[in-house]
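User: I'm new to this structure and would like a close look at one part of it. Could you pick a sheet, walk me through how its strands pair up, and then tell me what packs on it?

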Amino acid sequence: MARRTTFSMASFNLYNINLPGLPVYRDTDGWDQASYDKKVAWSAAQLIDMPADVWGFQELWHEQALADVFTKAGLQDQYELLVPENQLGQRIVCGAAVRKAILVDEPEWIEHFPEKFRLMSGGGDAQTSEISVAIDKFSRPVLHFKVRPRANGKPISIYVAHFKSKAPTPLYFEQWYKDDRDYYAKHSSALGAAISTIRRTTEATALRMILTEEMKENDNPVVVLGDLNDSQSSNTLNILTGQPNYLLSGLSVGGSDTALYTVGMLQQYRSLRDVYYTHIYRNSRESLDHILVSQEFYDNSKKREWAFKGMDLHNDHLNSDDHKQTGTSDHGIVRANFEYRPIKQ
């Protein structure tokens with residue numbers, strides 16, 4: 001293995017890529033051949049335009065679809081594709097592609113929350129009622145794998161996640177809704193959005209527990225890639241990152257044992273203005289797709305191993321809504337670049 005001096009990783013929502021004719025959610029016909037060919041061609045072009053050592057993918061339905069994208073790009077011999085066994089279009093999963101020779105061990109897909117996960121409280125005071133959340137698994141299994149870009153370096157632990165979307169959860173098939181449809185129909189949007197928010201917040205908490213168990217009191221590099229369906233300042237991201245303090249003094253005395261730093265924020269500190277967005281809904285531009293890194297990737301950390309070189313973003317395609325006709329994704333693609341530059345003690 002070469003002693004690599006650079007390392008790059010990217011997050012890419014594939015926008016429900018499935019083989020032609022297979023169902024996508026409630027669309028029983030799915031993509032026709034022409035639409036599928038456009039999706040494959042456009043996705044392949046992104047891989048070529050934004051080369052990365054590690055790709056994290058969301059909204060992947062079929063293993064062959066990802067293989068078709070890499071074949072179209074002419075990259076099939078340069079990467080190992082990480083997809084669950086027998087992923088044949090029956091469900092939506094996270095996947096990845098890792099440049100050959102740097103993958104360590106076998107990948108795993110984490111479906112269930114930690115065994116000791118609890119989200120319940122008696123309220124804390126007389127004015128606050130009890131709460132209990134019974135969710136015990138991720139909407140989309142979290143992909144976990146490790147890579148070693150440098151032969152003499154520590155493995156980097158990478159998680160690819162896709163949290164519950166902001167779209168209101170459909171409630172019309174629930175029995176309590178049917179029993180009083182006239183009343184609940186007026187409130188379905190608010191109730192559905194609340195349920196989606198609770199689910200997304202719960203998923204962030206469960207992943208945070210997994211990350212803390214891995215990161216606590218050690219110097220293991222950790223990365224989270226994915227469509228987290230919430231903005232950088234949201235409670236979802238605050239839970240997941242641990243809200244670290246970003247030092248601006250340039251002194252390498254910062255860092256936090258279990259915190260994660262968003263490359264979007266690292267890029268903003270180097271930019272004159274914030275134009276970072278990866279999704280548009282009703283003319284609202286938000287950053288829903290993130291790359292989060294541990295203190296080993298943070299320039300001002302006393303534990304730095306990799307120095308941040310910059311973030312790239314492909315999002316021009318978001319300015320039109322004809323994603324099915326053009327084969328584009330409805331999310332922007334985020335890439336982060338790092339250089340091996342350990343802190344000098």
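Analyst: Let's start with one pair of residues and work outward. Ala10 sits opposite Trp55, a residue of strand S2. Keep in mind that this is a predicted model. The two strands here are S1 and S2, which run parallel and are joined by six bridges. As background, strands in a sheet pair through backbone hydrogen bonds, and the pairing can be parallel or antiparallel.

Now for the sheet around that pair. It is an open sheet of six strands in the order S3-S4-S2-S1-S16-S15, with mixed pairing. S3 and S15 are the edge strands, each pairing on one side only. From one strand to the next, the twist averages 20 degrees.

Go from S2 towards the S3 edge and the pairing sense changes to antiparallel: S2 and S4 pair that way over six bridges. Phe57 has Gly95 in S4 as its bridge partner. One step further, S3 and S4 are also antiparallel, with four bridges between them. There, Leu81 stands opposite Ala97 of S4. S3 and S4 make a hairpin, and five residues lie between the two strands. One residue in that turn, Asn86, has a positive phi of about 60 degrees.

Back in S1, have a look at Asn16, which belongs to this strand. Is Asn16 buried or exposed? Its relative accessible area is 9%, so Asn16 counts as buried. Setting aside neighbours within four places in sequence, Asn16 touches Val24, Tyr25, Trp31, Lys39, Glu59, Trp61 and Ile92.

What lies across this sheet? One answer is helix H1, which lies across S1, S2, S15 and S16 and runs at about 170 degrees to S1. H1 covers residues 33–49, and its 17 residues should span 24 Å at 1.5 Å a residue. The C-alpha atoms at its ends are 24 Å apart, which agrees with that expected span. At the N-terminal end, Asp32 acts as a cap: one of its side-chain oxygens is 3.3 Å from the backbone nitrogen of Ala34.

H1 has a good list of buried residues: Ser35, Tyr36, Lys39, Val40, Trp42, Ser43, Ala44, Gln46 and Leu47. You've already met Lys39, as one of the contacts of Asn16. The buried residues of H1 pack against strands S1 (6–17), S2 (54–62), S15 (306–314) and S16 (333–340), and also against helices H2 (63–73) and H8 (323–326).

That brings us to H2. This helix lies across S1, S2, S3 and S4, at about 135 degrees to S2. Its buried residues are Ala65, Leu66, Val69, Phe70 and Ala73. They take up an arc of only 135 degrees around the axis, which means they are on the same side of H2. Among the elements covering those residues are S1, H1, S2, S3 (79–82) and S4 (88–99). Just after the helix comes Gly74, with a positive phi of about 75 degrees.

For context, here is the other six-stranded sheet. This one is open too, with mixed pairing and the order S5-S8-S9-S10-S14-S11. Strands S5 (103–112) and S11 (261–262) stand at its edges with a single partner strand each, so one side of each has no neighbour in the sheet.

Starting from the S5 edge, S5 and S8 run antiparallel and are joined by six bridges. In this pair, Val104 stands opposite Lys146 of S8. Next, S8 and S9 are antiparallel over five bridges, and Leu143 stands opposite Val160 of S9. Further along the order, S10 (residues 222–227) and S14 (residues 289–293) are antiparallel as well, again with five bridges. Here Val223 stands opposite Val293 in S14.

This sheet has a helix lying across it too: H5 (residues 188–215) lies across S5, S8 (137–147), S9 (156–162) and S10, at about 30 degrees to S8.

One last residue to look at is Asp105, in strand S5. Its relative accessibility is 61%, so Asp105 counts as exposed. The C-alpha atom of Asp105 is separated from that of Gly21 by 35 Å, and the two residues are 84 residues apart along the chain.

Key
Residues are numbered from 1 along each chain as its sequence is written. This is a predicted model: local features need pLDDT of at least 70, side-chain atom pairs count only at pLDDT 80 or more; totals for chains, interfaces and linings use all residues. Side-chain values use heavy atoms; hydrogens and water are left out. Two strands pair if DSSP finds at least two bridges between them. Contact means heavy atoms within 4.5 Å. Axes are lines fitted to C-alpha atoms, for helices over the stretch in contact, and angles run from 0 to 180 degrees between N-to-C directions. Buried means under 20% relative accessible area, exposed over 50%, partly exposed in between (1.4 Å probe, protein chains only). The expected span of a helix is 1.5 Å times one less than its number of residues. A polar contact is a pair of N or O atoms within 3.5 Å; within protein, one must be able to donate a hydrogen and the other to accept it, and residues adjacent in sequence count only if both atoms are side-chain atoms. The arc is that of the directions from the helix axis to the C-beta atoms.
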